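Please open the model in your viewer and follow the stops below in order, making each selection before reading on.

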Number of protein chains: 2
Amino acid sequence: MPYPAFVSEVPQLPPSLLEITAFLMSKMGIAGRRRMGDRLRAHGIGLWDLAVLAALRDFGPASQRELGARLGIDPSDLVAVMDVLVPLGLVERDRDPEDRRRYRVALSPSGRATLEAALGEAREVRDDLLAALDEDERATLHTLLRKAYAGLEPRARV
Amino acid sequence: MPYPAFVSEVPQLPPSLLEITAFLMSKMGIAGRRRMGDRLRAHGIGLWDLAVLAALRDFGPASQRELGARLGIDPSDLVAVMDVLVPLGLVERDRDPEDRRRYRVALSPSGRATLEAALGEAREVRDDLLAALDEDERATLHTLLRKAYAGLEPRARV
DNA sequence: CTTATTTCAGCTAAACTGAAATTA
DNA sequence: CTAATTTCAGTTTAGCTGAAATAA
């Protein structure tokens, strides 16, 4: 056998890469997105849809342009999001009577229920992703991530 | 003005989402990938290319299939990686004399130098991403991420 | 006439799928 | 013959660009 045999199925990552904090965050972030995406699919929605539902609950009704600006979604991509949320009845969409160029998008009762369910899924995903950490460690990790995120150069692409 | 005016250019994310650890990791991970990708472009390589260089240094020469298995890259995508690294002279690639189906890929001296430079970029990206954290907090964050990553279900897609 | 909002058509990059060519 | 390695061709998805249609 010319080269070391593979003893495991898991990627045995190079130590050099495991020293890179950004690499670990990226790997964990991708793992989280995949798990959340898999779970949300059962509710018929995607990650952006969840973000829109959350924004509508936290900030109230908004135009598509406002939603895009708040969430960092390109306005053209919000069309696809609405094509999911409107037929499912998770949001109500009317023309803004004061400016008929805009839609006024609002959370519906079933949208609120779906949001609650999705946030519950998010807690389960966290418990899965952070299974190796105890409660204090999870809280510390979350606090540090929030602090770091809040400190990102505000004008920079995230 | 029908809806609250936008006071900032930055996405003001919904608090509901900021409570989701996986969401924060994903956002930070994407920010890190973007910054690393931008910097590596100046060296003529991409993120996967860096991972391959690191694997070759940490584990020694390997076949493309082995590299793919270690790093979680599909073997067919390793073709494109080699199309970058070989012409740049960052790796040397010969047929394995013991099994001529395989290549034997090895780090070249200039590949090692490029790897060192890229790891230096990674440290600068970390300092940028974690600007809001002090040294102790950065170390804690890194330790927690490593522990969580190491605890991920070994057979799961990450 | 200019500007804002929504929408559409298309483009690029990343990750994956399936299969062919070569060698064992 | 079957199986492993590399390679190629094509699909999908996310995110982005540019411009048209409607309204202000």
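## Where the two chains meet

Begin by selecting chain A and chain B together in this predicted model: 69 residues of chain A are in contact with 69 residues of chain B. On the chain A side, the elements that each supply at least two residues are helix 1 (15–18), helix 2 (21–41), helix 3 (47–59), helix 4 (64–71), helix 6 (109–129) and helix 7. If you colour that side by element, look for helix 2 of chain A, which provides the largest share with 14 residues. Colouring it by residue class instead gives 41 nonpolar, 11 polar and 17 charged residues on the side of chain A that touches chain B.

## How the copies are related

Now superpose one chain on the other: a rotation of 180° with 0.0 Å of shift along its axis brings chain A onto chain B, with an RMSD of 0.0 Å. That is the relation of a two-fold axis. The same surface serves both copies, since 100% of the contact residues of chain A recur in chain B.

## The surfaces near the DNA

Select DNA strand C next, together with the 18 residues that surround it, of which the closest are Ser63(A), Gln64(A), Arg65(A), Ser76(A) and Arg100(B). Two or more residues of this surface come from each of helix 4 and helix 5 of chain A and helix 5 of chain B, and helix 5 of chain A gives the most, with four residues. By class, the surface near DNA strand C has five nonpolar, five polar and eight charged residues.

Then move to DNA strand D, where the nearest of the 18 residues around the strand are Arg100(A), Ser63(B), Gln64(B), Arg65(B) and Ser76(B). Here helix 5 (75–88) of chain A, helix 4 (64–71) of chain B and helix 5 (75–88) of chain B each supply at least two residues, and helix 5 of chain B gives the most, with four. The surface near DNA strand D has five nonpolar, five polar and eight charged residues.

## A helix crossing within chain B

Hide the DNA and show helix 3 (residues 47–59) and helix 6 (residues 109–129) of chain B, whose axes come within 10 Å and cross at roughly 115°. The crossing of these two helices of chain B is left-handed. To see the contact itself, display Leu50(B), Leu53(B), Ala54(B) and Arg57(B) from helix 3 of chain B, and Gly111(B), Arg112(B), Thr114(B), Leu115(B) and Ala118(B) from helix 6 of chain B. By class, this contact has five nonpolar, two polar and two charged residues.

## Two residues of chain A

Return to chain A and centre on Leu130(A), in the loop between helix 6 and helix 7 of chain A. Is Leu130(A) buried or exposed? Leu130(A) counts as buried because 25 C-beta neighbours lie inside 10 Å, and the cut-off for a buried residue is 20 or more. Leaving aside neighbours within four places in sequence, Leu130(A) is in contact with Arg138(A), Thr21(B) and Ala148(B). A C-alpha to C-alpha distance drawn from Leu130(A) to Ala54(A), 76 residues apart in sequence, comes to 23 Å.

Finish at Ala139(A), in helix 7 (residues 135–150) of chain A. Ala139(A) counts as exposed because it has 12 C-beta neighbours inside 10 Å, and a residue with 12 or fewer is exposed. As a last distance, join the C-alpha atoms of Ala139(A) and Ala51(A), which are 88 residues apart along the chain and separated by 22 Å.

Key
Residues numbered from 1 in each chain as written. Chains lettered and ligands numbered in written order. Predicted model: local features only at pLDDT ≥ 70, side-chain atom pairs only at ≥ 80, totals over all residues. Least-squares fit on C-alpha atoms with pLDDT ≥ 70 in both. Contact = placed C-beta atoms within 7 Å. Near = placed C-beta within 6 Å. Nonpolar A, V, L, I, M, F, W, Y, C, P; charged D, E, K, R; others polar. Axes fitted to C-alpha atoms, helices over the stretch in contact; angles between N-to-C directions. Left-handed = near helix turned anticlockwise from the far one by under 90°.
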